[in-house]
Amino acid sequence: MIKARLLAAGLAASAAFTLALPAFAADGPHRVYALGTQNGSGELGTVTLTAMGEKTRVDVAIANAPTDVPQPAHIHPGSCAKLDPKPKYPLAMVVDGTSTTVVDVPMSTLLAGGFAVNVHKSTTEIPVYVACGDLAGKK
C-alpha cells in the first residue's frame, strides 16, 4: 500500500513537472521541451536541445519507459498533431528511458523548421508512438 502511494505521488510529480515544461524556453544554448504520452503508454519526459555550433545534441529522458526494450526515436517534420511519418533525423535508441544523439544540423534549424521528436514503442512496433514533443523557437 505504501509503495503504491509513493509510486502514485512520484508519477504525479513527474507529470506536473513535464506539463510545466512547454512554457520554459531559457535563453542560451539549451532548450527543453516536454514529451507527452501517446496511445495510453504512460511514457512522458523531456527532450533537451544543446547547441554545438553547426550541430545539436539531443537528449531524450523518459519516465515510465520499459526496461531493456530499445525504443526508436526520431526528429520528424511537422507537429505531434500532424507528424510527417518520414523521419528527418534519426536519434539513438531510447534504452531504459534515455538517449543522446548529436545531429548534424544547427539548433536554429530545428527550432525554426517545424519539427517534433517522437518515440516508438519498440523496433518491432514502429507504427505505435508512445511519446511526442513539438520543438519550437524562443517564446
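Two strands pair if DSSP finds at least two bridges between them. Keep that in mind as you look through these close-ups of a predicted model.

**View 1. Strands S1 and S2 sit side by side as partners.** These two strands run antiparallel, and six bridges join them. Want one pair to look for? Start at valine 32: its bridge partner in S2 is threonine 48.

**View 2. The whole protein, before we zoom in again.** Count the elements and you should get two helices and eight strands. Going along the sequence, they come in the pattern α-β-β-β-β-β-β-α-β-β. The protein has 139 residues, and 39% of them count as buried. About 7,400 Å² is exposed, with carbon and sulfur atoms supplying 63% of that area. Now think about contacts with a separation of 6 or more: 55% of them involve residues 24 or more positions apart.

**View 3. Eight strands make one open sheet.** Trace across the sheet and you'll meet the strands in the order S5-S4-S7-S8-S1-S2-S3-S6, with antiparallel pairing. Which strands are at the edges? They are S5 and S6 (98-103), and each of them pairs on one side only. From one strand to the next, the twist averages 20°.

**View 4. The largest nonpolar core draws on many parts of the chain.** This core has 24 residues, and Val47, Leu49, Val60 and Leu110 touch the most other members. Several elements each supply at least two core residues, including strand S1 (30-37), strand S2 (44-52), strand S3 (55-63) and helix H2 (107-112). Let's pick out leucine 110. Setting aside residues up to four places away in sequence, leucine 110 touches Leu49, Thr56, Ile75, Tyr89, Val103, Val105, Phe115 and Leu135.

**View 5. Strand S4 has a partner on either side, S5 and S7.** With S5, strand S4 pairs in the antiparallel sense over four bridges. Look for histidine 74, which stands opposite proline 90 in S5. Strand S7 also runs antiparallel to S4, and five bridges join the two. Here, alanine 73 stands opposite valine 119. Is S4 enclosed or open to the outside? Six of its seven residues are buried, so S4 is largely enclosed by the rest of the structure.

**View 6. Histidine 76 is a strand residue with plenty of contacts.** You'll find histidine 76 in strand S4. Why does histidine 76 count as buried? Its relative accessible area is 1%, and buried means under 20%. A polar atom of the histidine 76 side chain lies 2.7 Å from the backbone oxygen of aspartate 84. There's also a polar contact of 2.9 Å between the side chains of histidine 76 and asparagine 118. Leaving aside neighbours within four places in sequence, histidine 76 is in contact with a whole list of residues, among them Leu83, Pro85, Lys88, Phe115 and His120.

**View 7. Glycine 113 lies in a loop.** That loop is the one between H2 and S7. Is glycine 113 buried or partly exposed? At 43% relative accessibility, glycine 113 counts as partly exposed. Now find proline 77, which is 36 residues away along the chain: the C-alpha atoms of proline 77 and glycine 113 are separated by 7.7 Å.

How values were computed: Residues numbered from 1 in each chain as written. Predicted model: local features only at pLDDT ≥ 70, side-chain atom pairs only at ≥ 80, totals over all residues. Heavy atoms only, no water. Buried < 20%, exposed > 50% of the residue type's maximum accessible area, 1.4 Å probe, protein only. Contact = heavy atoms within 4.5 Å. Areas by Shrake-Rupley, 256 points an atom, 1.4 Å probe, with all protein chains shown as cover. Core = buried A, V, L, I, M, F, W, Y, C linked by side-chain atoms within 4.5 Å. Axes fitted to C-alpha atoms, helices over the stretch in contact; angles between N-to-C directions. Polar contact = N/O pair within 3.5 Å; in protein donor to acceptor, adjacent residues only side chain to side chain.
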